[in-house]
Amino acid sequence: MSQTIAVLDFGSQLTQVIARRIRECHVYSKIYHFSTPAEQLRADGIIGIILSGGPQSVYARTAPHPDPKIFELGVPVLGICYGVQLMGHFLGGTVALSKAREYGHGHLTIKRPGRLFAGLPRKLRIWNSHGDKLTRLPPGFVATAVSENSPYSGIEDAKRRFYGIQFHPEVFHTERGVDMIRNFLVGVCGARQDWTTKDFIAHAVADIRARVGKSRVILGLSGGVDSSVAAALLHKAIGRQLTCVFVDNGLLRKGERHAVEQLYRRHFHIDLRVVDASRLFLRRLKGVTEPEQKRKIIGRTFVEVFEKSLRSIGHADFLGQGTLYPDVIESVSIGNNPASLIKTHHNVGGLPARMKLKLIEPLRELFKDEVRAVGSALGLPREVVWRQPFPGPGLGVRVMGDITAEKLEILRDADAVLQEEMMRTGYYWKVWQSFAVFLPVRTVGVFGDERTYDYVVALRIVESTDAMTADWARLPHDLLQKISSRITNEVRGVSRVVLDISSKPPATIEWE
Ligand code: XMP
């Protein structure tokens, strides 16, 4: 059995970030409800406990409290932020109520490194976010580190192996925070650092099997990273009990539907149902020019088509979704959220309840880069795992103004040329997104002896780390020249190619 670190969740949005840092140290952790009985933790064979932060005061009437017996299990405990107040409260110290929250950067001075701060510099920048403060140490404890606003920024009872830190080691703003967590896991709890992505997959597969039993799971496949990895993982766990539905909304890129069919049907042997609803989508979008209106129509139609396809597939108990941790939180108020804030594919929000489906979200605890690692380990190709983001409304928001089959065709061909060149030169993997936009503007040109009056295509190629801000990518001129001349030569109806050199803000990445 793998060694497990229990993270007791007291409601902080950063609990999952703690779990992620533990995974980064190649140790297995499990997040438990704060009130989990000590007996269960013992039965699970945990080798250490981390008490997470939380928004409440330990004195609040509704404050989440752990089973006090966790302090008698004989395993090491690390209290973070609210976790320290809990240690103070339960082990005989004093916690002072405070109305104001202390929030932001601070400076830590380590007085006694002990095991927790072993190997770290004496002075470090830290990140605080707490209301109450420990004002008197519980018996057996000593102060190990101080900050400008607390003599008890770090505390320990080395004999019982209890450690507490008032700040947040899990966020990037705390210097060497991961080393503190690693020190606790390895130096204090004696964890072996042998946990890998393969172990994650093995656990996830066992969990999915236990939960699903003999039932059926349906999953909406978009072809994007998240739903693809969820599909591959569910398929590994339950094989033919999984049915995937892929909706062709007529707003896909060139060859996209075919690629999805090839990969999932041919390669993975997944039960894949492709629903061609392109005519319905295009009919509903006819004459619609306003971007938000387009999005609404596309979103609503998707839900309708998906729901209808579920009925025709027959009974299922579960709806699988590629929800990631960053989709779960609405916002992380502090800390570094490495996840992009890209909106998920289509919002199938009300659907599970209406269809009486239970949700199964095997990637719910993971961050994007971890999902990519899982996808690679499951054998998904690089083109899927490292695919650039593609908006749910697809080419619907890349044909400016009203959408017609002819404009979509032109855009598809131009976009395919761009992607081909980006792939050929390897720039596809280096930029955040690269795509073509159809502009319904006709300009004059010459082709041979003839005068033309054709459309314009814009190239939008940006660099970004989280899609919140972006800048246009400085690609070599000869590459841009090649893309431009290939598009005007190969794509009928286009005589002019322009390059978008706006940053975000003030422009957005997409044009609509
Ligand atoms: P913007 O255009 O707001 O885009 O700078 C930021 C990121 O989000 C993607 N995007 C969308 N994704 N549905 C989606 O699923 C949408 O309606 C949508 N609009 C924009 C965009 O491609 C970029 O990565």
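The expected span of a helix is 1.5 Å times one less than its number of residues, and this rule offers a convenient way into the structure, which is a predicted model. Applied to helix H6, which covers residues 225-238, the rule gives an expected span of 20 Å for 14 residues, and because the end C-alpha atoms are 20 Å apart, the helix agrees with that expectation. Of the 14 residues of H6, 13 are buried, so the helix is largely enclosed by the rest of the structure. Just after H6 comes glycine 239, whose phi is positive, at about 50 degrees.

Before going further, it is worth asking how far the model can be trusted. The protein chain has an average pLDDT of 92, and 95% of its residues score at least 70. Residues 330-347 fall below a pLDDT of 50, although in the model this stretch has 43 contacts beyond near neighbours in sequence. Where pLDDT is low, the predicted coordinates should not be read in detail.

Further along the chain lies strand E13, residues 242-248, which belongs to a sheet. Strands of a sheet pair through backbone hydrogen bonds, in either a parallel or an antiparallel sense. Here five strands make up an open sheet with parallel pairing, and their order across it is E14-E13-E12-E15-E16. Its edges are formed by strand E14 (271-276) and strand E16 (358-360), each of which pairs on one side only. From one strand to the next, the twist averages 30 degrees.

At the E14 edge, E13 (residues 242-248) and E14 are joined in the parallel sense over six bridges, and phenylalanine 246 has valine 274 in E14 as its bridge partner. Across these two strands, E13 and E14, lies helix H7, residues 256-267, which runs at about 165 degrees to E14.

The aromatic side chains provide another view of the fold, with 12 aromatic pairs counted in the model. One of these joins tyrosine 325 and phenylalanine 367 in an edge-to-face arrangement, with 5.3 Å from centre to centre and 65 degrees between the planes. Tyrosine 325 lies in helix H10 (residues 325-328), whereas phenylalanine 367 lies in the loop between E16 and helix H12 (368-377), so the pair ties together parts that are 42 residues apart in sequence. Both tyrosine 325 and phenylalanine 367 are buried. Elsewhere in the chain, Phe71, Phe90, Phe141 and Phe162 come together as one aromatic cluster.

Terms used. Residues numbered from 1 in each chain as written. Predicted model: local features only at pLDDT ≥ 70, side-chain atom pairs only at ≥ 80, totals over all residues. Heavy atoms only, no water. pLDDT = per-residue confidence, 0-100. Contact = heavy atoms within 4.5 Å. Helix = DSSP H or I, 4+ residues; strand = E, 2+ residues; numbered from the N terminus. Buried < 20%, exposed > 50% of the residue type's maximum accessible area, 1.4 Å probe, protein only. Pairing = 2+ DSSP bridges. Axes fitted to C-alpha atoms, helices over the stretch in contact; angles between N-to-C directions. Phe/Tyr/Trp six-rings, centres within 6.5 Å; stacked < 30°, edge-to-face > 60°.
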